[in-house]
Amino acid sequence: MEATNFRPCVRRSFGGCSAGRQMSSASESDTFSSAQCCVAILGSLPKFNACKPPRCGPRIKRANKPESSLPLRVDENKSFSSWAGLVLASDNASFNFEQGDGDRASNAELLIDGALRMVDGPEAASTDEQKRVMCLMSDTGGGHRASAQAVRDGFEVLYGDKYDINIVDLWSSSSPWPLCHMPKSYFFLVKNPWLWRMSFRCSEPELLHEAMFTGYTAIVGRRFAQEFQEYMPNLVVSVHPLMQHVPLKVLARMKAQPSFCATEVPFTTVVTDLTRCHRTWFHRQVDKCFVATQLVAAQAMKYGLTAKQLACHGLPIRPAFNLPSKPKSELRRQLGMDVSAATVMLVGGGEGMGKLQATAEALVQTLSPCHQVVVICGRNEKLARSLASKTWPLKVVVKGFVNNMSEYMSACDCIITKAGPGTIAEALICGTPILLNGCIPCQEEGNVSFVLENGVGAYSEDPLRIAHIIARWFDTESKELKEMSAKAKLLGRPEATFNIVCELAGMAS
């Protein structure tokens with residue numbers, strides 16, 4: 001290994017300090033995308049500098065990892081391996097990798113603490129021709145699509161219409177039966193943890209998954225090739241572990257076609273996990289692999305990727321989380337919430353999964369009338385109607401799927417959620433303490449340790465115990481909530497999406 005002191009590059013962000021980076025003017029009824037909101041707010045700023053040739057400049061150092069003074073709180077019958085030790089920059093880490101090749105960065109203007117400041121980042125392609133970026137994902141949970149949309153919105157904010165971003169689920173749209181139903185099997189597997197764990201473990205050995213992907217390529221190769229041929233991408237970005245091997249095999253077979261020089265199309269991976277990653281995320285032939293933490297980068301190097309192939313910026317999060325927010329009282333008034341009540345938000349992801357109803361009922365029974373509960377049910381309309389029809393002894397706000405999650409998260413004092421990496425990253429940006437109430441086996445178990453060891457939350461799967469933890473946090477004499485919020489803000493990476501997009505733009509030839 002060629003270097004030591006493995007450290008991620010961190011740049012400052014739109015909106016300055018981590019305390020408030022949310023949208024300032026979108027309500028639940030708004031139809032604008034997060035990118036449109038960003039464009040509207042940033043429209044008065046000077047244009048991004050696209051005059052200088054690409055270069056790599058100095059990096060802005062990241063704040064030190066906060067010391068954890070809080071005890072790790074976890075159910076007695078649960079145990080999690082320690083994953084968070086290498087997550088942040090540390091002199092004890094023994095790896096190094098590059099934050100760009102030195103030929104893909106130039107100056108861009110970013111808003112830092114209310115003032116414009118020049119930081120390095122590649123500009124958009126200099127030609128007038130619109131560049132095409134194909135973003136490969138699969139609807140196995142909401143996180144992968146959310147990451148793809150974050151990348152798309154980042155391109156729109158930074159470069160307007162200079163890039164056409166095509167988000168496509170090739171397994172659903174371009175695969176024969178039964179492979180076209182592969183994404184739907186995800187929800188069945190995660191509801192049966194032992195099946196998911198077995199599937200995860202059995203598909204990890206390279207010998208097995210390479211044989212599996214070779215078989216898949218023989219079945220779907222022609223259809224995938226047709227998609228590539230029709231769109232003619234200048235860059236391919238994968239945000240799903242099953243979207244590396246087969247597309248790369250297909251592109252390799254297409255290199256003989258004179259009408260589409262497949263070998264010259266850069267292929268990149270944006271890993272959307274924080275800690276434990278399935279081996280299929282990492283393919284040696286990718287041009288660039290973007291990871292969120294040092295731990296993930298170490299896994300990538302273990303599986304054969306080189307230092308120059310890696311870049312560590314954080315998880316791609318919707319640009320709305322990188323904008324200044326209104327004061328909490330104003331946000332609550334806008335969202336129909338009690339302005340002064342201590343507030344907990346309960347979420348179950350885009351599909352409204354988990355013990356939402358049981359947890360909501362436990363919270364209402366345990367908290368005092370001066371507290372407030374916000375329940376985001378996602379697309380689970382049946383649950384939303386059921387909860388909204390009940391009469392509660394305290395203020396309960398029930399919502400279905402919302403597009404302004406940044407506002408809700410910024411308006412609340414803490415959040416209860418499963419250990420999904422995207423929601424954790426969003427909560428850290430908002431400085432919102434996290435109470436984890438479940439995790440998907442294998443890839444999300446490490447996220448629990450990440451939250452606990454960094455002192456930004458707690459873990460329990462029991463609804464009644466969850467309610468008691470929230471009640472303790474809301475105790476007027478407790479300092480836990482403020483301490484966890486401060487640590488969360490230090491861990492937040494709101495600039496990640498724009499840093500990733502800047503590097504991607506430099507790769508689209």
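This is a short tour of a predicted model, from its nonpolar cores to a helix pair and a parallel sheet.

**Stop one: the cores.** Select Leu136, Trp171, Phe224, Phe228 and Phe282. In the largest nonpolar core, which has 38 residues, these five touch the most other members. Now add the elements around them. Strand 3 (131-136), helix 3 (170-173), helix 6 (206-231), helix 7 (245-253), strand 7 (288-291), helix 8 (294-302) and strand 8 (310-312) each supply at least two residues of this core. Helix 6 gives the most, with 7 residues. Then move to Tyr408, Phe450, Leu452 and Tyr459. They belong to a second, separate core of 37 residues.

**Stop two: a helix pair.** Select 143-159 and 496-507, helix 2 and helix 17. Their axes are 9 Å apart and the packing angle is about 75°. An angle from 65 to 115 degrees counts as roughly perpendicular, so helix 2 and helix 17 are roughly perpendicular to each other. Show side chains at the contact: Ala150, Val151 and Phe155 are among those from helix 2, and Phe498, Val501 and Leu504 among those from helix 17. The contact residues comprise 11 nonpolar, 2 polar and no charged.

**Stop three: the sheet.** Color the strands in the order 11-10-9-12-13-14; these 6 form an open, parallel sheet. Strand 11 (395-399) and strand 14 (457-459) are at the edges, each with a single partner, so one side of each lacks a neighbour in the sheet. The twist averages 15° from one strand to the next. Zoom in on strand 12 (414-417) and strand 13 (434-436), joined by 3 bridges. Thr417 has Leu436 of strand 13 as its bridge partner.

**Last stop: helices on the sheet.** Helix 10 (356-366) touches strands 9, 10, 11 and 12, its direction making about 165° with that of strand 9. Helix 14 (445-453) lies across strands 13 and 14, at about 135° to strand 14.

Conventions: Residues numbered from 1 in each chain as written. Predicted model: local features only at pLDDT ≥ 70, side-chain atom pairs only at ≥ 80, totals over all residues. Heavy atoms only, no water. Core = buried A, V, L, I, M, F, W, Y, C linked by side-chain atoms within 4.5 Å. Buried < 20%, exposed > 50% of the residue type's maximum accessible area, 1.4 Å probe, protein only. Helix = DSSP H or I, 4+ residues; strand = E, 2+ residues; numbered from the N terminus. Axes fitted to C-alpha atoms, helices over the stretch in contact; angles between N-to-C directions. Parallel < 35°, antiparallel > 145°, perpendicular 65-115°, else oblique. Contact = heavy atoms within 4.5 Å. Nonpolar A, V, L, I, M, F, W, Y, C, P; charged D, E, K, R; others polar. Pairing = 2+ DSSP bridges.
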